[in-house]
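Let's walk through this fold together, from its sheets to its cores. Have the model open as you read.

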Amino acid sequence: MNIGDTVAAIATAPGVGAVSLIRVSGPEAIQISAKALRCKGGLESQPERYAVLAKVINADGNVVDEVLGTLFKGPRSFTGEDVVELACHGGVLVTRRVLERLLECGARSADPGEFSQRAFENGKLDLTQAEAIMDLISAQTDMALRAAHEQLQGRLGDQSEALREKLLGVVAHVEAYIDFPEEDIDPDTGAAMLKRVDEVQDGIKKMLSTAEQGRILREGVRTVICGEPNVGKSSLLNSLLGYERAIVSDIEGTTRDTVEEVLNVKGIPVRLIDTAGVRESSDKIEQQGIVRSEKQIELADLILEVVDGSKAGQRLLTEDQIQGRHHILIINKSDLGQDDIWQGSGGVRVSCRDEGGIDSLADAISDELLLSESAWGGHAMAINARHQDCLKKATESLVNAREALELQTGVEFASIDLREALDSIGEIAGRVDTEEILGEIFGNFCIGK
């Protein structure tokens with residue numbers, strides 16, 4: 001990315017709609033847009049943040065489209081640069097022609113994510129807020145939407161920055177003791193220093209505890225529907241979704257590949273995966289489907305094991321296979337009566353034919369996964385895999401630093417580990433700056449007074 005370029009791109013999803021939005025950002029955004037547009041008084045004379053009616057004119061002087069243009073002068077814009085946003089008619093061809101005209105006038109086609117990256121580079125967003133933009137766009141439930149919105153407001157960045165600020169004081173104190181011994185600075189390697197390191201570790205531990213919640217909010221609970229052929233797995237998928245998603249028939253082996261959809265259960269996305277019935281088969285294609293089914297069962301966060309309650313049969317999974325895992329037994333076809341073999345077997349009784357017990361199953365899924373507002377009250381702090389990696393690195397460095405401080409094996413070693421921890425925490429929001437440590441030293445210890 002060249003920050004000196006002026007870039008343009010279509011900011012709305014591809015396809016036909018009433019309106020499409022094209023964004024132009026960079027030092028020449030207004031001048032380039034003015035070459036392509038004709039409006040009363042000229043685009044450059046228009047007030048900020050007021051929409052103006054304009055016509056996009058091509059190189060031959062013909063009208064491409066009639067648009068509404070809005071100016072945002074830096075730094076009061078999303079990217080922190082001069083920005084022009086054009087609301088044009090939402091046809092695929094007309095939108096493409098407007099963009100092509102802007103590129104002819106001097107703009108460069110924006111790279112994926114470049115507007116958000118420019119916002120970060122210009123201090124309009126930290127990295128957690130930039131990531132939250134995609135979380136907001138891809139949110140599939142209200143809880144995921146709230147989590148993304150609160151991260152976009154800077155909640156996660158503020159939390160990591162608070163830990164970083166606390167650790168910054170520790171690093172500054174230790175490095176001041178090393179670099180300026182003549183100033184008679186207390187090394188502070190006793191209980192007070194260890195307490196501050198422990199406080200940072202406790203804060204990291206709390207953030208790490210939300211990693212699984214973050215994964216589920218972003219990716220959903222990986223829920224596999226499994227069982228023998230013709231027990232009603234695909235019918236169950238359709239009943240839970242409320243529409244016919246999977247093909248249902250009495251022929252064994254109808255489902256030969258996995259079918260995946262997302263269900264909203266009390267604000268949590270549950271990724272339902274319908275699998276091929278597991279049985280002995282000589283059909284090579286069905287065999288591949290069965291292998292995939294077994295793989296999906298291994299990777300599942302939650303297993304919905306379906307049996308035909310109207311017939312004498314056996315479970316697909318053994319107790320050893322489900323030991324310690326989230327698992328719900330579903331006894332299907334309750335409308336046909338229940339065979340004595342399933343008496344006292346627990347599980348949830350359902351009938352996919354008349355929708356009986358489906359609401360009870362949704363409640364059972366919620367209870368099994370503890371999907372409640374009280375259990376998920378920390379959704380504002382739901383970290384992602386990158387944050388988790390940074391925090392784990394910081395934890396390792398702090399453990400080493402604490403050991404060096406506690407055993408008094410040398411503050412120099414502790415200093416290296418503390419700085420590594422500081423950098424790892426700073427990576428979460430994209431804030432890593434050596435000059436801040438120097439500012440802390442000179443500000444708090446009055447060196448060279």
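Contact here means heavy atoms within 4.5 Å. Axes are lines fitted to C-alpha atoms, for helices over the stretch in contact, and angles run from 0 to 180 degrees between N-to-C directions. Helices (H or I, at least four residues) and strands (E, at least two) are DSSP runs, numbered from the N terminus.

A couple of ground rules. This is a predicted model, in which local features need pLDDT of at least 70 and side-chain atom pairs count only at pLDDT 80 or more, while totals for chains, interfaces and linings use all residues. Residues are numbered from 1 along each chain as its sequence is written, and side-chain values use heavy atoms, with hydrogens and water left out.

**The chain as a whole**

The protein chain has 15 helices and 13 strands. Of its 449 residues, 46% are buried, meaning under 20% relative accessible area (exposed is over 50%, partly exposed in between; 1.4 Å probe, protein chains only). Among contacts with a separation of 6 or more, 63% are between residues 24 or more positions apart.

**Two open sheets**

Two strands count as paired if DSSP finds at least two bridges between them. One open sheet has seven strands in the order E3-E4-E5-E6-E2-E1-E7, with mixed pairing. Its edges are E3 (37–38) and E7 (108–109), each pairing on one side only. Helix H3 (residues 114–121) lies across E1 (7–10), E2 (19–25) and E7, at about 135° to E1.

The other open sheet has six strands, ordered E9-E10-E8-E11-E12-E13, and is also mixed. Here the edge strands are E9 (259–265) and E13 (348–349). Two helices lie on this sheet: H8 (residues 211–219) crosses E8 (221–227) and E10 at about 65° to E10, while H9 (residues 233–241) crosses E8, E9, E10, E11 (302–308) and E12 (326–332) at about 155° to E10.

Each sheet has an antiparallel pair worth a look:

| Strand pair | Residues | Bridges |
|---|---|---|
| E5 and E6 | 63–72 and 83–89 | five bridges |
| E9 and E10 | 259–265 and 268–274 | seven bridges |

In the E5 and E6 pair, Leu 71 has Val 84 as its bridge partner in E6. For Val 262, the partner in E10 is Arg 271.

Ser 77 lies in the loop between E5 and E6. This serine counts as buried because its relative accessibility is 10%. Leaving aside neighbours within four places in sequence, Ser 77 is in contact with Arg 49, Phe 72, Val 83 and Lys 124.

**Two nonpolar cores**

A nonpolar core is a set of buried Ala, Val, Leu, Ile, Met, Phe, Trp, Tyr and Cys residues joined through side-chain atoms within 4.5 Å. The largest has 32 residues, and those touching the most other members include Leu 236, Leu 272 and Ile 330. Helix H12 (residues 358–369) gives the most to this core, with five residues. Beyond four places in sequence, the contacts of Ile 330 include Leu 304, Glu 305, Val 348 and Leu 361.

Apart from that core lies another of 29 residues, among them Val 174, Val 197, Leu 422 and Ile 425. Val 197 sits in helix H7 (residues 191–208) and counts as buried because its relative accessibility is 0%. Its contacts beyond four places in sequence are Val 170, Leu 398, Arg 402, Leu 405 and Leu 418. Val 197 and Lys 166 are 31 residues apart in sequence and 8.6 Å apart in space, C-alpha to C-alpha.
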